[in-house]
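This report describes the secondary structure, burial and sheet arrangement of a single protein chain. Please consult the sequence and structure shown below while reading.

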Amino acid sequence: MANNLGLSIDRSSPVPLYHQVVQGIEAAIHSGVLEPGSRLDNEIDLAAQLNLSRPTMRKAMDELVRSGLLVRKRGVGTQVVSSQVRRPLELSSLYDDLTNNGKKPTTEVLSFSHIEADDATLAILQLPAGSKVYHFTRLRKVGGKPLALMENWVRDDIASMDEAMLSAEGLYSILRRGGVNFRLATQRIGAVTANEYQASMLDAAEGSALVTMERTAVDDTGRHIETGHHVYRADSYSFEMTLVQR
């Protein structure tokens, strides 16, 4: 495997040996030589092929696992992870981001109801007592693989919606068609370990890492349009942002 990938070690280089391995495997992954799902030889064989010590090879593999490029699976070995969805940190919908990047997302509506909002939702969406909202949970997939489990509450005085609409298109496109011009959102990103339900829905191991996002979106008239709690497979999803010094 190492020879097939063209990995080579320059012992005269100031770059540590383990980091040369990391750079070589990273290049193979990004160039497509190592495709998502590809299995690598075990660390002992890789070390022998490159004439490296096992601790050096293990250090390289550990770094690649921590960076999210490789994953260790019991009974399978070490594999290249599925291509990550890298999402810009801006006010856009996951559905639109995926579509704009040439992917074909599918959505399964797990639950849907039109109910009187509870006190917490009334406060978040700044609605008067007795107001109703759409409440639904969706499972978003890409290439047939689960990516995100999404729960949302949406005010019902803008656009009507049903399960069929939410299965066929993104939430924000439905709301834009209803006249919403999104302006800003408050958003919190975090991490949790998957519980039994989340693991089963996302085809992940219970206790594995998930990325979380909580968002409340506001339109250009100041209305709080929707709020949501989403969880994503951490091995398939990340946010990208640009930081500016002020």
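## Overall composition

The chain contains eight helices and 11 strands, where helices (H or I, at least four residues) and strands (E, at least two) are DSSP runs, numbered from the N terminus. This is a predicted model, in which local features need pLDDT of at least 70 and side-chain atom pairs count only at pLDDT 80 or more, while totals for chains, interfaces and linings use all residues. Residues are numbered from 1 along each chain as its sequence is written, and side-chain values use heavy atoms, leaving out hydrogens and water.

## Burial and contacts

Of the 246 residues, 41% are buried (under 20% relative accessible area, 1.4 Å probe, protein chains only). The exposed surface of the chain amounts to about 13,400 Å² (Shrake-Rupley method, 1.4 Å probe), and carbon and sulfur atoms contribute 48% of that area. Among contacts (heavy atoms within 4.5 Å) with a separation of 6 or more, 58% join residues 24 or more positions apart.

## The three-stranded sheet

An open antiparallel sheet has the strand order β1-β3-β2, with pairing requiring at least two DSSP bridges between two strands. Its edge strands, β1 (39–40) and β2 (70–73), each pair on one side only. Four bridges link β2 to β3 (residues 77–80) in the antiparallel sense; Arg72 has Thr78 of β3 as its bridge partner.

## The six-stranded sheet

A further open sheet, also antiparallel, follows the order β5-β6-β7-β10-β9-β8. Because β5 (105–116) and β8 (182–193) at the edges each have a single partner strand, one side of each lacks a neighbour in the sheet. Within this sheet, β7 (residues 145–155) and β10 (residues 224–233) run antiparallel and are joined by seven bridges. Glu151 has His229 in β10 as its bridge partner.

Technical notes:
Buried < 20%, exposed > 50% of the residue type's maximum accessible area, 1.4 Å probe, protein only.
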